Amino acid sequence: ITLSSLDALRTAGLDYFEVRTGPLSRTIDRNAELAYDANQYARLSSRAGGVVAEVVRDLGELVRAGDVLAIVDSTELGTAKAELLQAMEIADLWEANAKRERDLVIKGAGIEREALEAETRLAESRIALNRARPRLGIIGLDKEQIARVEHEGDTSSLLPVAASFDGMVIERFAVRGEVV
């Protein structure tokens, strides 16, 4: 095995010793298994179904927490973003409508039943909005990314799969075009 540096060796959780020649005092025959420290190892996958659009990092590369390792094209993500944006628009419309209906009732020109119906629709639309945000979090977007969707109207279906901590890529199973 050839590693790029001693730091890479340490990052992989391996110990090393200088090789010397000399007489053996005794020999022990045993079965052994080499394994990574499970606390320093992560096997990542997409949190939403899709197709691998790009593999950004390869075997042996050092990564930092948050570095993008792969990008998945996920229809589920695009749909969830669109549903959030739609819920936002509907909530805004019902808020304006409920305010208008309430103002009409106050002025004596509106019907209380219509004002209550508009307020009910507003409450329903806010519930839908509050369901849409966490769904994006479950798929894998953080609060900043969700805020960006809301602010910019982004409906992109590209989902980055990021490193969860600093380390080295030691396995790679994802290939472009693979369904995940």
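Which element gives the most to the lining of the largest pocket? In this predicted model, the answer is strand β3, with three residues in that lining. The largest pocket encloses about 780 Å³ of space. The briefing below treats this pocket, then two buried residues, the aromatic pair, the surroundings of helix α4 and several separations along the chain.

**The largest pocket**

- The lining of the largest pocket comprises 34 residues.
- A42, R43, L44, L69 and E171 are the lining residues that lie nearest the centre of the pocket.
- Three elements give two or more residues to this lining, namely β1 (51-55), β3 (68-73) and β5 (167-168).
- Divided by class, the lining has 20 nonpolar residues, together with seven polar and seven charged ones.

**K81 in helix α2**

- K81 is located in helix α2, which spans residues 75-106.
- Is K81 buried or exposed? Its relative accessible area is 4%, under the 20% limit, so K81 is buried.
- A polar contact of 2.8 Å joins the side chain of K81 to the side chain of D154.
- Once residues up to four places away in sequence are set aside, K81 touches L136, L141, V149, D154, T155 and S156.
- D154 therefore appears both as the polar partner of the K81 side chain and among the residues that K81 touches, while K81 itself is buried at 4% relative accessible area.
- The C-alpha atom of K81 is separated by 49 Å from that of Y16, and the two residues are 65 positions apart along the chain.

**S74 in the loop before helix α2**

- S74 belongs to the loop between β3 and α2.
- With a relative accessibility of 0%, S74 counts as buried.
- A polar atom of the S74 side chain lies 2.8 Å from the backbone oxygen of G49.
- Leaving aside neighbours within four places in sequence, the contacts of S74 are with A48, G49, G50 and S157.

**The aromatic pair**

- How many aromatic pairs does a search of the whole structure find? The search finds one.
- The pair consists of Y36 and Y41, whose ring centres are 5.7 Å apart and whose planes meet at 15°, so the pair is stacked.
- Y36 has a relative accessibility of 43% and therefore counts as partly exposed.
- Y41, at 26% relative accessibility, likewise counts as partly exposed.

**The two ends of helix α4**

- Helix α4 covers residues 143-152, and at its start a side-chain oxygen of D142 comes within 3.1 Å of the backbone nitrogen of E144.
- G153 follows just after α4 and adopts a positive phi of about 75°.

**T11 in helix α1**

- T11 is part of helix α1, which runs over residues 6-11.
- The relative accessible area of T11 is 36%, so T11 is partly exposed.
- Beyond residues up to four places away in sequence, T11 touches G167 and M168.
- From T11 to A147 the C-alpha separation is 34 Å in space, and the two residues are 136 positions apart in sequence.

**E18 and P134**

- E18 is placed in the loop between α1 and β1.
- E18 has a relative accessibility of 68%, over the 50% limit, so E18 counts as exposed.
- Between E18 and T2 the C-alpha separation is 15 Å, with the two residues 16 positions apart in sequence.
- P134 sits in helix α3, which extends over residues 112-139.
- P134 has a relative accessible area of 43% and is therefore partly exposed.
- P134 and L84 are 50 residues apart along the chain, and their C-alpha atoms are separated by 9.8 Å.

How values were computed. Residues are numbered from 1 along each chain as its sequence is written. This is a predicted model: local features need pLDDT of at least 70, side-chain atom pairs count only at pLDDT 80 or more; totals for chains, interfaces and linings use all residues. Side-chain values use heavy atoms; hydrogens and water are left out. Helices (H or I, at least four residues) and strands (E, at least two) are DSSP runs, numbered from the N terminus. Buried means under 20% relative accessible area, exposed over 50%, partly exposed in between (1.4 Å probe, protein chains only). A polar contact is a pair of N or O atoms within 3.5 Å; within protein, one must be able to donate a hydrogen and the other to accept it, and residues adjacent in sequence count only if both atoms are side-chain atoms. Contact means heavy atoms within 4.5 Å. Rings of Phe, Tyr and Trp (its six-membered ring) pair if their centres lie within 6.5 Å; planes under 30 degrees apart count as stacked, over 60 as edge-to-face and the rest as tilted. On a 1 Å grid over the protein atoms alone, a cavity is a set of points where a 1.4 Å probe fits but cannot get out, and a pocket is an open set with protein on both sides within 12 Å along at least five of seven lines; lining residues have an atom within 4 Å of a point. Grid points are joined across faces, edges and corners, and a volume is the space filled by probe spheres set on the points. Ala, Val, Leu, Ile, Met, Phe, Trp, Tyr, Cys and Pro count as nonpolar, Asp, Glu, Lys and Arg as charged, and the others, Gly among them, as polar.
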